[in-house]
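Take a look at the model below. This report walks through a few of its helices and one loop.

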Amino acid sequence: MKNFYALLSRMKYIERWSLMRSTLKESILTHSADVAIYAQALAAIGNAVFGKNLDVGKAASVALYHDVSEVITGDLASPVKYFNPEITAAYKKLEAAASNKLLSMLPEELKPQYSDFFYPDESSYEYKLVKAADKLSAYIKCVEELASGNGEFSVAAETTKKMLDETDLPELKYFLENFMDGYGKPLDLLK
């Protein structure tokens, strides 16, 4: 039971984008922090710009733990994970088993709190923002890799951008229109 947080701290060792050459390695811990920042931003935009009443903390917390099962399963590359419906279904079962294992490592009084993060209400608007933030994080990774001269990410950038463009969330569109230009630029141009 006492190893829950120690195991989560190992997220920093699990690399993403394993089938692609990266100029900068990305761990699931780094990715999860990025997704939490973007999900929080999207929820804040929803509240401030679009007059919604979204739970910013919920969006950030769900995002922070959205890939937590990978501390046990590792990160399975998307082309493998979505190769066919049978592999996708099997991987979802594996993720659920890993999440259950992690939850079993918590004291009883903490399990309900973390269960809400590990198994969020998928019909909630905050969850939709987390899913968008996850795609946004992937797209930003692609933009940064391309800016570093790594053409390996060109197809992934196009595919991910298309998914973002097809998303009907006004918060995401606002983010893309107002904040995307800075990504991939050198530090001196950001100041």
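Which residue with a positive phi follows H8? That residue is Gly 149, with phi near 85 degrees. Keep in mind that this is a predicted model.

## Helix H8

H8 covers residues 125-147, a run of 23 residues. Is its length what a helix should give? What span should these 23 residues have at 1.5 Å a residue? The expected span is 33 Å. The C-alpha atoms at the two ends lie 32 Å apart, which agrees with that value.

## Where H3 meets H8

Helix H3 takes in residues 56-64. Its axis and that of H8 come within 9 Å and cross at roughly 50 degrees. That angle is neither under 35 degrees nor in the range 65 to 115, so H3 counts as oblique to H8. The crossing of H3 past H8 is right-handed.

Which residues meet here? From H3 come Lys 58, Ala 59, Val 62 and Ala 63. From H8 come Glu 126, Tyr 127 and Val 130. Five residues of this contact are nonpolar, two are charged and none is polar.

## Trp 17 in its loop

Now turn to the loop between helix H1 (4-8) and helix H2 (28-50), where Trp 17 lies. Its phi is positive, near 55 degrees, although Trp 17 is not a glycine. Most residues other than glycine have a negative phi.

Is Trp 17 buried or exposed? Its relative accessibility is 16%. Buried means under 20%, so Trp 17 counts as buried.

Conventions: Residues are numbered from 1 along each chain as its sequence is written. This is a predicted model: local features need pLDDT of at least 70, side-chain atom pairs count only at pLDDT 80 or more; totals for chains, interfaces and linings use all residues. Side-chain values use heavy atoms; hydrogens and water are left out. Helices (H or I, at least four residues) and strands (E, at least two) are DSSP runs, numbered from the N terminus. The expected span of a helix is 1.5 Å times one less than its number of residues. Axes are lines fitted to C-alpha atoms, for helices over the stretch in contact, and angles run from 0 to 180 degrees between N-to-C directions. Angles under 35 degrees count as roughly parallel, over 145 as roughly antiparallel, 65 to 115 as roughly perpendicular and the rest as oblique. A crossing is left-handed if the near helix is turned anticlockwise from the far one by less than a right angle, and right-handed if clockwise. Contact means heavy atoms within 4.5 Å. Ala, Val, Leu, Ile, Met, Phe, Trp, Tyr, Cys and Pro count as nonpolar, Asp, Glu, Lys and Arg as charged, and the others, Gly among them, as polar. Buried means under 20% relative accessible area, exposed over 50%, partly exposed in between (1.4 Å probe, protein chains only).
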